[in-house]
Amino acid sequence: LPMLCQKCHERQATVFFTDVRNYTTLCEGRAPETVVAILNELFAMMSKVIKSHQGCIVDFIGDAVLAAFGAHKDDPNHAANAVATALEAQAELDRLNVTWQKRGIPRLEIGVGVHSGEVIAGIVGSGARKKFGVTGDTVNTGSRVEGLNKEFSTSILITRETVERLNGRFKVENKGEVKVKGREKAVEVFEVLGTEKAA
């Protein structure tokens, strides 16, 4: 059956991708139910932080999370909320790692990619299986940007399109333009270093 998009809208939004860096190490020598329990703790933390900044989790994909800000409801600060989420999630992960290490669980690291632009948002699916989804070049680019953290040895990367919506609220460092798979136009990325005190 074809996928249907019910009441889909074009919206200016920010997409937020995370991925566990050392997932293979986590899985090695551990029962699947143990790995799932650890991921559930991580996802519970991520869900709480994302929701607190007006975001919406769109999907869990293996050990990755896709969230959107401004896609499911109007949010003029969607870019800043996504970046604030990234910083808070990293801080909360540090706290989780302290408790995990006491239980013999290796320290987990996540990479975060954030990109802003136009998305198609709405209920997608067919028959009895439907869910809220976002799609478009903005979503694809956000996923690619998250993957660039490995190349730059960074934790949080955002694009020029996101930076221009932040009004100087965050400390960022320009990492230059990068060609990403499936996109002809290069993407200019920035590492997020923290929040400006003036903000």
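This tour proceeds from one selection to the next through a predicted model.

**Stop 1: the nonpolar cores**

Begin by selecting Phe16, Leu42, Met46, Trp100 and Ile158, the residues with the most contacts inside the largest nonpolar core, which has 37 residues. Then colour the elements that give two or more residues to this core: β1, α2 (32-52), β3 (64-69), α3 (78-102), β4 (110-126), β6 (156-159) and β8 (187-195). Of these, α3 gives the most, with ten residues. A second, separate core has eleven residues, including Ala13, Val15, Val58 and Ala68. In soluble globular proteins, nonpolar side chains tend to be buried together.

Next, centre the view on isoleucine 158. Which residues does isoleucine 158 touch, not counting those up to four places away in sequence? They are Val83, Val114, Val163, Leu166, Val172, Glu188, Val189, Phe190 and Val192.

**Stop 2: threonine 18 in strand β1**

Select strand β1, residues 4-20, and find threonine 18 within that strand. Is threonine 18 buried or exposed? Its relative accessible area is 5%, so threonine 18 is buried, the limit being under 20%. Display its surroundings as well: leaving aside neighbours within four places in sequence, threonine 18 is in contact with Met46, Ala64, Val65, Gly111, Val112 and Glu146. Met46 has already appeared among the residues with the most contacts inside the largest core.

**Stop 3: the hairpin of β2 and β3**

Move to strand β2, residues 55-61, which runs antiparallel to β3 and is joined to β3 by six bridges. To see one pairing, select isoleucine 57 together with alanine 67, its bridge partner in β3. Two residues lie between the strands of this hairpin, and glycine 62 takes a positive phi near 65°.

**Stop 4: helix α4**

Select residues 137-152 to show helix α4, which has 16 residues. From its first C-alpha to its last, α4 reaches 22 Å, close to the 22 Å expected at 1.5 Å a residue. Which residues of α4 are buried? They are Thr138, Val139, Thr141, Gly142, Val145, Glu146, Leu148 and Asn149. An α-helix has 3.6 residues a turn, so residues three or four places apart point the same way. Just after α4 comes serine 153, whose phi is positive, near 55°.

**Stop 5: the salt bridges**

The structure holds eleven salt bridges, and three of them are visited here. Side chains of opposite charge can pair when their charged atoms come close.

Show first the side chains of aspartate 19 and arginine 21, which meet in a salt bridge at 3.5 Å, N to O. Aspartate 19 counts as buried at 17% relative accessibility, whereas arginine 21, at 24%, counts as partly exposed.

Select next arginine 103 and glutamate 41, whose closest N and O atoms are 2.9 Å apart in their salt bridge. Arginine 103 lies in the loop between α3 and β4 and glutamate 41 in helix α2, so this pair ties together parts that are 62 residues apart in sequence. Glutamate 41 is partly exposed, at 27% relative accessibility.

Finally, select aspartate 137 and arginine 183, a salt bridge with its closest N and O atoms 3.1 Å apart. This pair also links distant parts of the chain, since aspartate 137 is in helix α4 and arginine 183 in the loop between β7 (170-178) and β8, 46 residues apart. Aspartate 137 is partly exposed, with a relative accessible area of 41%. To close, display Asp19, Arg21 and Glu146 together: salt bridges that share partners join these residues into one network.

Key: Residues are numbered from 1 along each chain as its sequence is written. This is a predicted model: local features need pLDDT of at least 70, side-chain atom pairs count only at pLDDT 80 or more; totals for chains, interfaces and linings use all residues. Side-chain values use heavy atoms; hydrogens and water are left out. Helices (H or I, at least four residues) and strands (E, at least two) are DSSP runs, numbered from the N terminus. The expected span of a helix is 1.5 Å times one less than its number of residues. Buried means under 20% relative accessible area, exposed over 50%, partly exposed in between (1.4 Å probe, protein chains only). Contact means heavy atoms within 4.5 Å. A nonpolar core is a set of buried Ala, Val, Leu, Ile, Met, Phe, Trp, Tyr and Cys residues joined through side-chain atoms within 4.5 Å. A salt bridge is a side-chain nitrogen of Lys or Arg within 4 Å of a carboxyl oxygen of Asp or Glu. Two strands pair if DSSP finds at least two bridges between them.
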